[in-house]
Amino acid sequence: MTTPHKATMSFSDGTPSVDFPIYKGTVGPDVVDIRKLYGASGKFTFDPGFLSTAACESKITYIDGDKGELLYRGYPIEQIAVNCDYLETCYLLLNGDMPNPAQKKDFENRVIHHTMVHEQMTRFFQGFRRDAHPMAVLVGCVGALSAFYHDSLDIQNPEHRFVSAIRLVAKMPTLVAMAYKYSSGQPFMYPRNDLSYSANFMRMMFGTPCEDYKPNDVLVRALDRILILHADHEQNASTSTVRLAGSSGANPFACIAAGIATLWGPAHGGANEACLQMLDGIQAQGGVAKIGEFVAQVKDKNSTVKLMGFGHRVYKNYDPRAKLMRETCYEVLGELGLENDPSFALAMALEKIALEDDYFVSRKLYPNVDFYSGIVQKALGIPTSMFTCIFAMARTVGWIAQWNEMISDPDQKIGRPRQLFTGATARDVKPIGNR
Ligand code: SDX
């Protein structure tokens, strides 16, 4: 990892210059190790938003933003999406390589036999209003899981970490489906061990005790692909939160709950819900004919309107997941006879106009994974308010893989950034009569 090269920081204020080692990864930008800067110069670096900061070393997911490339453990997302299912992808992210048939069967078996939640978890839901946002419910319930698993909270024990990973991957679909059922007043559906991961989720979401539910294979495959595309994505905001929470030694359930809370924001995982609301808004005002007016609002510096589902901190080219998601849109809408779905037609018209408009081209703003995922999920019958819960369900394996990688690192330290302080310097408190 180290290179013979170094970076030298020199100062015009008389501070002695400092040399830093440069490290090279297997692919991607080199890094300058500035850990000794403060000790050598009394100065910090300043990088709010982490535009130029690598917070860790990782072997899990690689993104090339300029090429629009995404690799999970070295395998291109385009090949995984076509050749694998979600549980295979979970195995890959957690273990570092693809499972062989025996490993796949064993992993599936372990997950299937952890899909039920403790029966007392059902009482947590009673405390929420029926119209509570499902992400609020999910944050609460996942954080509460740690109350049920005192047998596996020693994060220094690899077996405890592994069983926690299995429990989280296995129970997220059950909890997400329970949040949906609770909001609709329908009874919870128990998981079934004779169904695949995604078929099981579809049945827990849309089945009822009144009749058998036969999942549609095309729709199940589409959901499985959505989960694959959202499984991990390097050091995004929610993953960085999970790593920071984990660096204090917090248990994995609490760390994942922190990740869910971060994902909820519209700038991050909440964008798919916001994107569909944006499309519905344009549709209500007249549809394709109103795109020009909407885009003008987006470009107006005085408006806070953003083109949701567009832009990305890393991708300065087309998000490869957006391409795959658009293909899935065609498949699902075709299967359901919704080829003329107005949202999809509007999204494609909006994409075409944006990709020809200099405002977006000059800022390298392209569709990201959230631009089409809402349309697919809506077609699958998933309500808009549940979109980010589906994202959280998919991303749990990525969060836990990144958390495990961090905890397993012998050099791991608690994350504790510093600041540029521009507030009041020391001053005396005046008695209230003199203020
Ligand atoms: C996800 O990080 C990940 O990997 C996240 C994710 C994952 O899998 O974990 O990929 C999932 O979160 C995808 C992103 C979903 N969010 C959205 O779709 C919300 C809309 N997008 C933006 O809010 C924005 O693009 C961000 C937050 C995604 C990225 O913001 P940056 O990198 O901080 O870029 P920026 O805000 O500084 O934008 C640069 C310029 C600005 O204009 P100027 O000040 O230069 O004139 O581009 C403009 C921005 O105003 N801009 C947009 C825009 N996104 C950026 N203008 C209109 N619409 C947009 N969507």
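Author: A polar contact is a pair of N or O atoms within 3.5 Å. The model discussed here is predicted.

Reader: What makes the pair formed by N368 and the ligand a polar contact?

Author: An N or O atom in the side chain of N368 is 2.9 Å from an oxygen atom of the ligand. The limit is 3.5 Å, so the pair counts as a polar contact. Taken alone, the ligand exposes 1000 Å², and the protein buries 76% of that.

Reader: How do you know that H268 and R363 also make polar contacts with the ligand?

Author: A polar side-chain atom of H268 lies 2.9 Å from a ligand oxygen, and for R363 the distance to an oxygen atom of the ligand is 3.2 Å. Both values are within 3.5 Å, so both pairs qualify.

Reader: Which residues around the ligand are the closest, and how many surround it?

Author: The ligand is surrounded by 24 residues, the closest being H233, H312, R313, R321 and R395. The shell divides into 10 nonpolar, seven polar and seven charged residues. Arg counts as charged, so R313, R321 and R395 belong to the charged group.

Reader: Why are β1 and β2 called paired?

Author: Pairing takes at least two bridges; five join β1 to β2 (residues 18-23), so the two strands pair. They run antiparallel. A7 has F20 in β2 as its bridge partner.

Reader: What makes β1 and β3 edge strands?

Author: The open sheet has the order β1-β2-β3, with antiparallel pairing. β1 (2-9) and β3 (31-32) each pair on one side only.

Terms used
Residues numbered from 1 in each chain as written. Predicted model: local features only at pLDDT ≥ 70, side-chain atom pairs only at ≥ 80, totals over all residues. Heavy atoms only, no water. Near = heavy atom within 4 Å. Polar contact = N/O pair within 3.5 Å; in protein donor to acceptor, adjacent residues only side chain to side chain. Areas by Shrake-Rupley, 256 points an atom, 1.4 Å probe, with all protein chains shown as cover. Helix = DSSP H or I, 4+ residues; strand = E, 2+ residues; numbered from the N terminus.
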